[in-house]
Structures are given as structure tokens and as C-alpha cells.
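Let's take a walk through this fold together, one stop at a time. Have the sequence and the 3D view open as you read.

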Amino acid sequence: MNDDELWAAIDDQRRRTADLLETLTPTQWQQPSLCDGWTVRDVAAHLTLQQQRFRDVLSFTRHHPALLRSLTLNRIIHDSAVLQARMPTDEIIGRIRGMVGSRRHNAFVSERETLIDILVHGQDIAVPLRLELAMPVDATAEAATRVWRIRNTWLGSVNRKLPLDGHRLSATDTDWSVGDGIEVRGPIGALLLLVTGRPAALAQLSGEGAEALKRGALAA
């Protein structure tokens, strides 16, 4: 995807996500998400933090000095989301919708991380609530390719590590595959959740490799 296509996909997914959030009840906002230890509200609040430049990070930390005690990247991300989740519900939704049309992204990452964030975290909200949140196939494949390429870098360290070495992941709804080994087949959306460490995707996958991953998940 070129930059125009990528940002158009981000904008469309922000709109879809904001639309979904507007339908949630107060009880649903407090439900657990697919992210361990995160509520739906925490995840939605995290999505308002997709445009943090270095000076914004410094300002946020100055206003919330307790973050300095968050010693790992994942703990910093979690704790900042919990702090942001104190905002009123309408403001959370408004901030997500208000980013539509902007090409600003967080410091130290690319716009492809912004795409990954809005796609995957939208599913973190929708899946446990048993709600549908569509993801365009082309954008999802772009995100999955990026996740696979960075999986062994510091950027990939934010995702739970599933034992995917020795597997070939193949999409059934688009021309996309990565890896070598025993096959795991399924929709590209489920494969994106898999490569970002979401075992909830396993139910949608098939093939010898998927069965081995399911057995491993049950044994863990």
C-alpha cells in the first residue's frame, strides 16, 4: 500500500471503531478486552494516544510522574492507557474520531504501527463483546506483513510471543503467506491477531500447524 492508501485505511478504521464505541453500554465499557489486564475502556483510551510526539510524551509524564515507576515498555503503555481512561466516554470517542484526516503518528514508530494499532485494538474491543468490527483485507494483510517483519525487534516486543517458528501462515481470503513449516490456514484477520499474540484467533484457524498451536495453548 502507498502512503495515501494506508492513511485512508487508518481513517476508515478509526471511523468504524468510533461508531462501534458509540453503541456500547456502560457495562460493556468495563468488560475485559483481549489484552490481559485491560478493560475495553482502557483499550479505547489507548487509541487516543496514537499521535504522541516526543514533547507530548514528556508533557504526559510530567503530569503523571507515577509513570516513571513503570519499568517496562508494556507497563508504560498499560499505565498510560489506564490514566487516559479517566476521560469521559464521549471525549474518548471524540478524540479517536478527531484524528481522522491527520497523518501524525507516535514518535519512534512508523505509520504502519498506527495501522496495526487501530486494527488490532479494535478487535481487542469487539471480539470479547461478540461484536463485529470489519477490517479491510488489504489493510489487514499490510499490517500482518509489518508485524511479521518486526517480530524480533523492540517494536515486536509489545506483543505476546506465540510459538510460530516452524509454521507457514496462509490466508484463505487473500494472497498472503509467511513462514516455513507446518501450515496454519485462516482469514487474514485471524492471522493478524495470531501474529500479534492473541490466542483467541486460534478458533478460526485450521491445518496441522493450527492444531499444534491449539494444543500448546491448552497446555499453557
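What is the mean pLDDT of the protein chain, and what share of its residues reach 70 or more? The mean is 90, and 90% of the residues reach 70 or more; pLDDT is the predictor's confidence in each residue, from 0 to 100. This is a predicted model, with local features needing pLDDT of at least 70, side-chain atom pairs counting only at pLDDT 80 or more, and totals for chains, interfaces and linings using all residues. Residues are numbered from 1 along each chain as its sequence is written, and side-chain values use heavy atoms, with hydrogens and water left out.

Confidence varies between the elements of the chain: helix α4 (residues 54-63) has the lowest mean pLDDT, 64, while helix α2 (residues 26-29) has the highest, 98. Helices here are DSSP runs of H or I with at least four residues, strands are runs of E with at least two, and both are numbered from the N terminus.

Now find the sheet. It's an open one with three strands in the order β2-β1-β3, and its pairing is mixed. Since β2 and β3 stand at the edges with a single partner strand each, one side of each is left without a neighbour in the sheet. On average, neighbouring strands are turned by 15 degrees against each other, direction ignored. Two strands count as paired if DSSP finds at least two bridges between them.

Start with strand β1 (residues 167-171). On one side, β1 pairs with strand β3 (residues 182-186) in the parallel sense, over five bridges; R168 has E183 in β3 as its bridge partner. β1 also pairs with strand β2 (residues 177-179), this time in the antiparallel sense and over three bridges, and there L169 is matched with V178. β1 and β2 make a hairpin, with five residues between them. Is β1 mostly covered or mostly open? Mostly covered, as four of its five residues are buried, meaning under 20% relative accessible area (over 50% is exposed, in between is partly exposed, with a 1.4 Å probe and protein chains only).

Next comes helix α9 (residues 188-195), where eight of the eight residues are buried. Among them are I188, G189, L192 and V195. α9 packs on the sheet, where it touches β1 and β3. Just after α9, look for G197, which takes a positive phi of about 85 degrees.

α9 has a helix partner too: α8 (residues 137-149) and α9 have axes that come within 9 Å and cross at roughly 25 degrees. That makes α8 roughly parallel to α9, a label for angles under 35 degrees (over 145 is roughly antiparallel, 65 to 115 roughly perpendicular, the rest oblique). Axes are lines fitted to C-alpha atoms, for helices over the stretch in contact, and angles run from 0 to 180 degrees between N-to-C directions. From α8, residues including V137, T140, A144 and W148 take part in the meeting with I188, G189, L192 and V195 of α9.

On to helix α7 (residues 111-126), which packs against α8 at an angle of about 115 degrees, with axes 9 Å apart. That makes α7 roughly perpendicular to α8. Residues of α7 in this packing include L115, I116 and L119, and those of α8 include A139, T140 and A143.

Which residues does T140 touch, not counting those up to four places away in sequence? The answer is L119, M135, I188, G189 and L192, where contact means heavy atoms within 4.5 Å. T140 counts as buried because its relative accessible area is 1%.

For a last stop, go to Q204, in the loop between α9 and α10 (208-219). Q204 counts as partly exposed because its relative accessibility is 46%. Leaving out residues up to four places away in sequence, Q204 touches R185, G186, P187 and A190. Its C-alpha atom is separated by 28 Å from that of W7, and the two residues are 197 apart along the chain.
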